Amino acid sequence: MTRGLILGIESSCDETAAAVVERGARTLSSVVASQIGTHVRYGGVVPELASREHLRAIVPVVRAALEEAGVGLDELDAIAVTAGPGLAGALLVGITYAKALAFARELPVIAVNHLEGHIHAVLLQERESQPDGLAAEDEEAALALVVSGGHTHLYLAEPEQGTWRYRLIGRTLDDAAGEAYDKVAKLLGLGYPGGPWIDALARFGDPRAVPFTFAQVKTKAHLAGKAPRTKGARTAPIAALDPHFLFSFSGIKTAVLRYVELHGMRQGVNERIAAVLAGARPPKTKDEALALAPQPVIDLVASFQHAVVGDLLKKTFAAAESLGVRRILVTGGVAANRELRQRFTEEAGRRRVRESFPTLALSTDNAAMIAAAAWPRLVAGQVAESGLTAEPSLALGR
Ligand code: KG4
Ligand code: ZN
């Protein structure tokens, strides 16, 4: 091995991404081609369109990542690719391209779990801020909240002989938190993905206007033998998890819908959809917010966000305390949320727990996190088999 250069490729959902990362600690390039423009009119990701767009973007995106890094294919030490979880057709585009490149250049392929990638987005960022990086053996165990459009999972990440070991501590039983953001935004006529819109609007609303609550998720007895309905890791043993660390976000989405209907708040939805399709952006000022939606809608959105963030915060810190872990990582698209960052940071300060987030660019899907997660695997010789294929329901850890 020469410089420890890994080309990362990510295509699990609606972003085609490639990046070059040195020794899991220094990002030389990170290129992300978003398909939002393709999916926005459907208010969600359309799998067939996603595969087609990945096919279109993969070659130019990888080329751009290598060019930006100033690295030739012959200088790479490995190619890392997301193997799952995600959309089967979308994953296959990245995997097939990674395998073809690796075969042509006689390079090892490292298969990375997308959720592990999100965790490494934070670790990468922490290493980048240290002059000599940080070896895995110097790392401290952390509780990681991976919160995105597809996942709301709590993992205990522990360094082990230079690599990482993961244990599932909690997860959502139905919708992911980001999915709830997207569905609520859709029903209110806001743009896709919904997170940035609700985040922007909520700043100007009263978070206590509508008192949404989360009931304690069902007990173990009720859950025994029940399979989760989410698209994520289906094999996770729900019944074995402490119910205090289980999430459920489908109820609040229904509660928002009922509130909207009960209070006749459908007005303006079609106008907002038209504005979004015409290219409107999330509001930056109170005047822009009010031009988009009336105050009661803004208050509703603020209340929804306050409740969701409160639930994520309560369960994450309770899990950290019960495990005796003094380090928390929050990652995934929803980790970009302003209120979430602020409240998690304050709570961590109060409890004297170390808390880290990725930068905004590293919060949402990218390939730098995939290349970073692959580094300890490459060092440990964990190379993928030649039969590597897409695993849409790939689970992480035990
Ligand atoms: O990690 P990501 O890019 O893709 C998945 O793996 O799902 O996450 C996308 C999700 C979407 O549901 C989006 O609405 C949400 O992250 N999101 C946000 C924010 N930015 C993106 N949610 C809340 N606040 C934000 N600022
Ligand atoms: Zn993701």
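# Ligand 1, the zinc ion and some backbone details

Colleague: How far from an oxygen atom of ligand 1 does a backbone N or O atom of glycine 333 lie?
Modeller: Keep in mind that this is a predicted model. A polar contact needs N or O atoms within 3.5 Å. Glycine 333 brings a backbone N or O atom to an oxygen atom of ligand 1, and the distance is 3.0 Å.

Colleague: How much of ligand 1 does the protein bury?
Modeller: Start with ligand 1 taken alone, which exposes 550 Å². Of that area, the protein buries 91%.

Colleague: Which element gives the most residues to the shell around ligand 1?
Modeller: Elements that give two or more residues are α4 (114-128), α5 (177-187) and α6 (194-202). With 4 residues, the most comes from α6.

Colleague: How many residues of the shell around ligand 1 are charged?
Modeller: The shell has 20 residues, and among the nearest are Asp182 and Asp199. By class, 5 are nonpolar and 12 are polar. The charged ones number 3.

Colleague: What distance separates a backbone N or O atom of glycine 195 from an oxygen atom of ligand 1?
Modeller: Gly195 is one of the residues that come nearest to ligand 1. Glycine 150 also has a backbone N or O atom 3.3 Å from a ligand 1 oxygen. For glycine 195 the value is 2.9 Å.

Colleague: Between which domains does ligand 1 lie?
Modeller: Look at where the shell residues come from. Two domains both give residues to the shell, so ligand 1 lies between domain 1 (5-138 + 361-379) and domain 2 (177-324).

Colleague: Which residues coordinate the zinc ion (ligand 2)?
Modeller: The donors follow the spacing H-x3-H-x246-D along the chain. Their distances to the zinc ion are 2.0 to 2.1 Å. The residues are His114, His118 and Asp365.

Colleague: How many residues apart are histidine 118 and aspartate 365?
Modeller: Histidine 118 sits in helix α4. Aspartate 365 is in the loop between α13 (360-363) and α14 (368-379). The pair links distant parts of the chain, with a separation of 247 residues.

Colleague: What is the geometry of the zinc ion (ligand 2) site?
Modeller: The site has 4 donor atoms, with angles of 92 to 144°. A tetrahedral site would need all angles between 85 and 135 degrees. This site is irregular.

Colleague: Which residue does a cis peptide bond join to tyrosine 192?
Modeller: Most peptide bonds are trans. Here omega is about -10°. The partner of tyrosine 192 is in the loop between α5 and α6. It is proline 193.

Colleague: What is phi of arginine 23 near?
Modeller: Most residues other than glycine have a negative phi. Arginine 23 lies in the loop between β2 (15-22) and β3 (26-34). Its phi is positive, near 50°.

Terms used:
Residues numbered from 1 in each chain as written. Chains lettered and ligands numbered in written order. Predicted model: local features only at pLDDT ≥ 70, side-chain atom pairs only at ≥ 80, totals over all residues. Heavy atoms only, no water. Near = heavy atom within 4 Å. Polar contact = N/O pair within 3.5 Å; in protein donor to acceptor, adjacent residues only side chain to side chain. Areas by Shrake-Rupley, 256 points an atom, 1.4 Å probe, with all protein chains shown as cover. Nonpolar A, V, L, I, M, F, W, Y, C, P; charged D, E, K, R; others polar. Domains from an automatic or database assignment. Donors = N, O, S within 2.8 Å, 3.2 Å for Na, K, Ca; no water. Tetrahedral: all angles 85-135°; square planar, octahedral: opposite > 155°, others 65-115°.
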